[in-house]
Amino acid sequence: MGHLFRWRHVRPLLQLPLLIVSVVMILQGLFGPTLAPKNLATTLSWLHFRGVLVLVLLCAGNFFCLACPFMLVRQMARRFFKPRFTWPRMLRNKWISVALFVLILFTYELFDLWSSPWWTAWLIIAYFLTVLVVDGFFKHASFCKFVCPIGQFNFVASTLSPFEVKVREQDVCVKCHTKDCIRGRREPVSELVVIRGCELALFQPRKVGNMDCTFCLDCVHACPHDNIGILSRMPGDELLTDPLRSGIGYFSRRKDLAALAIVFTFGALLNAFGMVSPLYGVESWLGRMLHLSREAPVLGLIFTFFLILEPVVLLGLAAWWARKWSGNQRALLPLAVRYSYGLVPIGFGMWLAHYGFHFLTGLYTVIPVTQSVLASLGWPILGQPRWTLTGLPSNIVQVIETGFLILGFAGSLVVTHGLAEEDSPDRPLPAFVPWAAVGLVLWMASTWLVFQPMEMRAMLMSG
Ligand code: SF4
Ligand code: SF4
């Protein structure tokens, strides 16, 4: 694949098909069938895209950001409008994107986005417009680094990917005078940038792991020594240590990044909870207790419980226990921030189980929906829609889901144990056990969730 990825136009080549698919999805969402399982906007967004995304992140890396269609539109717009501002210093963190991540999870539940082609189409349109506005005003990749909730999801999940964009030989970088990977390759006299350097402020020789890397390959193309590649590594390796990272700093000092890791992990359980029957019991019980007849405030309470109260209690207790038992001198908050990254693998396991379920049980639904779109355009080259095509049986998919959860739990144990070993090389066990207990609670809750009866949406979407 080396020749392909070294080619300067590989990114647009991958982005163009996704842009075409996005346009088709918008048109289908606005003008196609209103029934979600028969519309490409809903089936592709909520069944196939999410499933493929997490599987590619697990097996390869952040290749969605590489092929991101929003960035192709941004590049085309930047030929006409050059951004003039730099992103405000006080906003150079993940707080906006964490809030948007939560907002998307919330609106998904409140408006049942999975069942509405119309709202799904408008969500895609809103995404394109936001990219154009943010990157129209602000230089570099401000949208990717500080705003995009999908990007943040990919950054966190890709910490567990087996591939990373990184330098081959550190010695070559030491002797390199131009540092084009970050500065961009320039014309010798005019100093005009002809190939961009990293827009996400990741300086290759000091870059650690996949966090904040969009796999855009600008650095690969800019490096004059062909010293950067997509190289294999141990998944999750970057979570085991806490070095100073270019463009990021120390993980253990980034409360915003820890909040992102927490929303990623606990949001995985919350999002899955939204599709099982017990949610409706909880909602109606809360509504009766508090005399609330509208769904938004009830859902707001459920979100507050899952994304604030539960993490505060679990991580607070674990930090208190670990501190008391292991004699770690860190205060509770820094300790919780440091170990929150250790929960990312179990969170990713839950996302894999959930999205994998929708993807695999609705695997073939794209065929009849595409047949139907072509037939409705008077071009039935694929024949009449075969609506009986669905996907894998759910008992097989449940085994796969269980496998993902075990993998995630094992990953969390490895990472938290690694961090405990770094903190207390002689006696890691007391520092490790409280975090292993949190991982166990999350794993048991996740396993309970995947064995719950599905609410109508899952049957509708996979049927
Ligand atoms: S990655 Fe390439 S451009 Fe960057 S410092 Fe190393 S050799 Fe120089
Ligand atoms: S230029 Fe930056 S974001 Fe793009 S692949 Fe290189 S390190 Fe990653």
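Two residues count as in contact here if their C-beta atoms, placed from the backbone, lie within 7 Å. By that yardstick, 79% of the contacts in the chain between residues at least 6 apart in sequence join residues at least 24 apart. Please keep in mind that this is a predicted model. The points below go from the whole chain to its two domains, then to a strand pair and a ligand site.

**The chain as a whole**

- The chain is built with 21 helices and four strands.
- Its radius of gyration is 23 Å, close to the 23 Å that the globule rule gives for 463 residues, so the chain is as compact as a globular protein of that length.
- Taken along the principal axes, the box filled by the C-alpha atoms is roughly 65 × 60 × 40 Å.
- Of the 463 residues in the chain, 42% are buried.

**Two domains and where they touch**

- The domain assignment splits the chain into domain 1, which covers 10-159 + 248-462, and domain 2, which covers 163-233.
- Between the C-alpha centres of domain 1 and domain 2 there is a distance of 29 Å.
- Domain 1 brings 17 residues to the contact, and domain 2 brings 13 residues.
- On the side of domain 1 that touches domain 2, the elements giving two or more residues are α2 (10-31), α4 (63-66), α8 (142-147) and α9 (149-157).
- Helix α4 gives the most to this side of domain 1, with three residues.
- Sorted by class, the side of domain 1 that touches domain 2 has nine nonpolar, six polar and two charged residues.

**Strand β1 and its partner**

- Strand β1 spans residues 163-167, and four of its five residues are buried, so β1 is largely enclosed by the rest of the structure.
- Strand β4 (residues 228-232) runs antiparallel to β1, and five bridges join the two.
- If you would like a spot to look at in this pairing, Glu 164 stands opposite Leu 231 in β4.

**The surroundings of ligand 2**

- Four cysteines are among the residues around ligand 2: Cys 198, Cys 213, Cys 216 and Cys 219.
- The residues around ligand 2 also include Val 165, Leu 200, Leu 202, Phe 215 and Leu 217.
- Lys 207, Thr 214 and Asp 218 belong to the surroundings of ligand 2 too.
- By class, this shell has nine nonpolar, one polar and two charged residues.

Notes:
Residues numbered from 1 in each chain as written. Chains lettered and ligands numbered in written order. Predicted model: local features only at pLDDT ≥ 70, side-chain atom pairs only at ≥ 80, totals over all residues. Near = placed C-beta within 6 Å. Nonpolar A, V, L, I, M, F, W, Y, C, P; charged D, E, K, R; others polar. Rg over C-alpha atoms; globule rule 2.2 N^0.38 Å. Buried ≥ 20, exposed ≤ 12 C-beta atoms within 10 Å, placed from the backbone. Domains from an automatic or database assignment. Pairing = 2+ DSSP bridges.
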